[in-house]
Structure formats: structure tokens, C-alpha cells
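Work through the exercises below with the structure open. Each task is followed by a solution in steps.

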Amino acid sequence: LALVGLFLLSQLSHRVFDNRVATIAPLLLASHPLYQLFAVKWWPETLSIALTILVLLAALRFLDTSEQKWLVLTCGLIMLATTNHMWEASIAAPVVTLFIYSREYYAAAITSVVTAISIGSVWSVTGLQPSGGGSNLVKFGLHSNPFVLADPDWWSFVNDSGLTFQNDGVT
């Protein structure tokens, strides 16, 4: 899955910039310690990267073609990404901005509504989780605590899970 994210980043970089950026961007991502940390096993974070880039690629394709199937795919990927990690709903902000800038107001409105519904749905399901720290989704979720990455307990959780910064050859 980590390789898929790198490939998609290369595609997006080529689409928006050029071959040079399409080569350098995935190399920079692959060399980042947190990416290496999460890339060695099947983690939602590597899926997050792939889904976020797919949202952008689908939105750009919609802007190129004005075909509704690309808008549907964009919204569907936002919903899927939000169920993976709620913070991924933030990808809707630049997508909606692109739609407004391109005068695709209907697409901007639909994307905003779908994102709001996705956030509400995930928030509702999260509320069903056990209280008292029994759920990692509640305890370590950015929507519950936006400062979770500054909390030493989060890093202890990562360290206790057996993750290392060294790639063991599994991607």
C-alpha cells in the first residue's frame, strides 16, 4: 500500500508540475521517518495518503472533463477517506476551493454537503465507542483531541506497538 501511495504521488506531481517533481516528491515522502514508520506494515496512515491523492486526482479529472462520474468518485473517496481517519475530511477544503475557483459552484456545494455528512456519520459512530479510554479511536483520535500528537502517550502507544523507524523490507 505504501508503494501505491508513492506511485499516486508521482502521478499527481506529474499532472500538476512536471517529470522532475514527479520523481523528487515520492523520494522525499519515502525518506520521511514517519512514512517509513507506517509503511512497513498495513496501517491506516498509508491508506490515508493513497486516498487523499486519489481525491485530488479525481477532482482534477472532474475539472478537466466536467463528467459527473468524476465528481461522484471525488465525493465517494472523501467519504471513504473520512471513515479511515476523520481528519482526512480536510482534503475537501482545497477541493472545494478548486471547484469555486473554477466556477463549479454545484460541485463545491455537493462536495461540502457530502463531507459534512461524512463527518457527522463518523462522529456519531465514534460516540458509540466505549468510554473511559477503552477505544483507541476515542483516545487517540484527532477529532477528540486535536493536540494528540503533542501527547507523549500517543508516542508511547506507537512505540509499544512494536513499530520501528527501520524498514524491515515489508511494504
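**Exercise 1. Overall fold**

Of the contacts in the protein with a separation of 6 or more, what percentage is accounted for by residues 24 or more positions apart? Also list the secondary structure and the extent of burial.

*Solution.* Note that this is a predicted model.
- Step 1. Residues 24 or more positions apart account for 59% of the contacts with a separation of 6 or more.
- Step 2. The protein has nine helices and zero strands. Along the sequence the pattern reads α-α-α-α-α-α-α-α-α.
- Step 3. Of the 171 residues, 36% are buried.
- Step 4. The accessible surface comes to about 10000 Å². Carbon and sulfur atoms hold 66% of that surface.

**Exercise 2. The nonpolar cores**

Find the largest nonpolar core and state which residues have the most contacts inside it. Then trace which helices supply it.

*Solution.*
- Step 1. Recall a general tendency: in soluble globular proteins, nonpolar side chains tend to be buried together.
- Step 2. The largest nonpolar core here has 18 residues. V55, L71, V95 and F99 have the most contacts inside this core.
- Step 3. Helices α4, α5, α6 and α7 each supply at least two residues of the core.
- Step 4. Take L71 as a sample. Leaving out residues up to four places away in sequence, L71 touches F62, F99, Y106, A107 and T111.
- Step 5. There is also a second, separate core, with twelve residues. Among them are A2, Y35, A50 and L60.

**Exercise 3. Helix α1**

Check the length of α1 against its expected span, then say what its buried residues pack against.

*Solution.*
- Step 1. Helix α1 has 15 residues, and at 1.5 Å a residue these should span 21 Å.
- Step 2. The end C-alpha atoms of α1 are 21 Å apart, which agrees.
- Step 3. The buried residues of α1 are A2, G5, L6, L8, L9, S10, L12 and S13.
- Step 4. These buried residues pack against α2, α3 and α4.

**Exercise 4. Helix α2 and its faces**

Why can the buried residues of α2 be said to line one face of the helix? Begin with its length and its start.

*Solution.*
- Step 1. Helix α2 runs over residues 19-31, so its 13 residues should span 18 Å at 1.5 Å a residue. Its end C-alpha atoms are 19 Å apart, in agreement.
- Step 2. At the start of α2, a side-chain oxygen of D18 comes to within 3.1 Å of the backbone nitrogen of R20.
- Step 3. A22, A25, P26 and L29 are the buried residues of α2.
- Step 4. Seen down the axis of α2, the buried residues fall within an arc of 90°, so they line one face.
- Step 5. The general geometry helps here: an α-helix has 3.6 residues a turn, so residues three or four places apart point the same way.
- Step 6. On the other side of α2, R20, L27 and L28 are exposed.
- Step 7. The cover over the buried residues of α2 includes α1, α3 and α4.

**Exercise 5. Positive phi**

Look at S66 and R103, and for each give the phi, the loop and the accessibility.

*Solution.*
- Step 1. Most residues other than glycine have a negative phi.
- Step 2. S66 has a positive phi near 60°. It lies in the loop between α4 and α5. Its relative accessibility is 42%, so S66 counts as partly exposed.
- Step 3. R103 is not a glycine either, and its phi is about 65°. R103 lies in the loop between α6 and α7. At 64% relative accessibility, R103 counts as exposed.

**Exercise 6. Helices α5 and α7**

Which residues does N84 touch, and is S118 buried or exposed?

*Solution.*
- Step 1. N84 is in helix α5, residues 68-84. Not counting residues up to four places away in sequence, N84 touches P44, L47, S48 and L51.
- Step 2. The side chains of N84 and S48 make a polar contact at 3.0 Å.
- Step 3. S118 is in helix α7. The cut-off for buried is under 20% relative accessible area; at 6%, S118 counts as buried.
- Step 4. Beyond four places in sequence, S118 touches M79 and T82. S118 and A81 are 37 residues apart in sequence, with C-alpha atoms 9.3 Å apart.
- Step 5. G120 is also found in α7. At 31% relative accessibility, G120 counts as partly exposed.

How values were computed:
Residues numbered from 1 in each chain as written. Predicted model: local features only at pLDDT ≥ 70, side-chain atom pairs only at ≥ 80, totals over all residues. Heavy atoms only, no water. Helix = DSSP H or I, 4+ residues; strand = E, 2+ residues; numbered from the N terminus. Polar contact = N/O pair within 3.5 Å; in protein donor to acceptor, adjacent residues only side chain to side chain. Contact = heavy atoms within 4.5 Å. Buried < 20%, exposed > 50% of the residue type's maximum accessible area, 1.4 Å probe, protein only. Expected span 1.5 Å × (residues − 1). Arc of directions from axis to C-beta. Areas by Shrake-Rupley, 256 points an atom, 1.4 Å probe, with all protein chains shown as cover. Core = buried A, V, L, I, M, F, W, Y, C linked by side-chain atoms within 4.5 Å.
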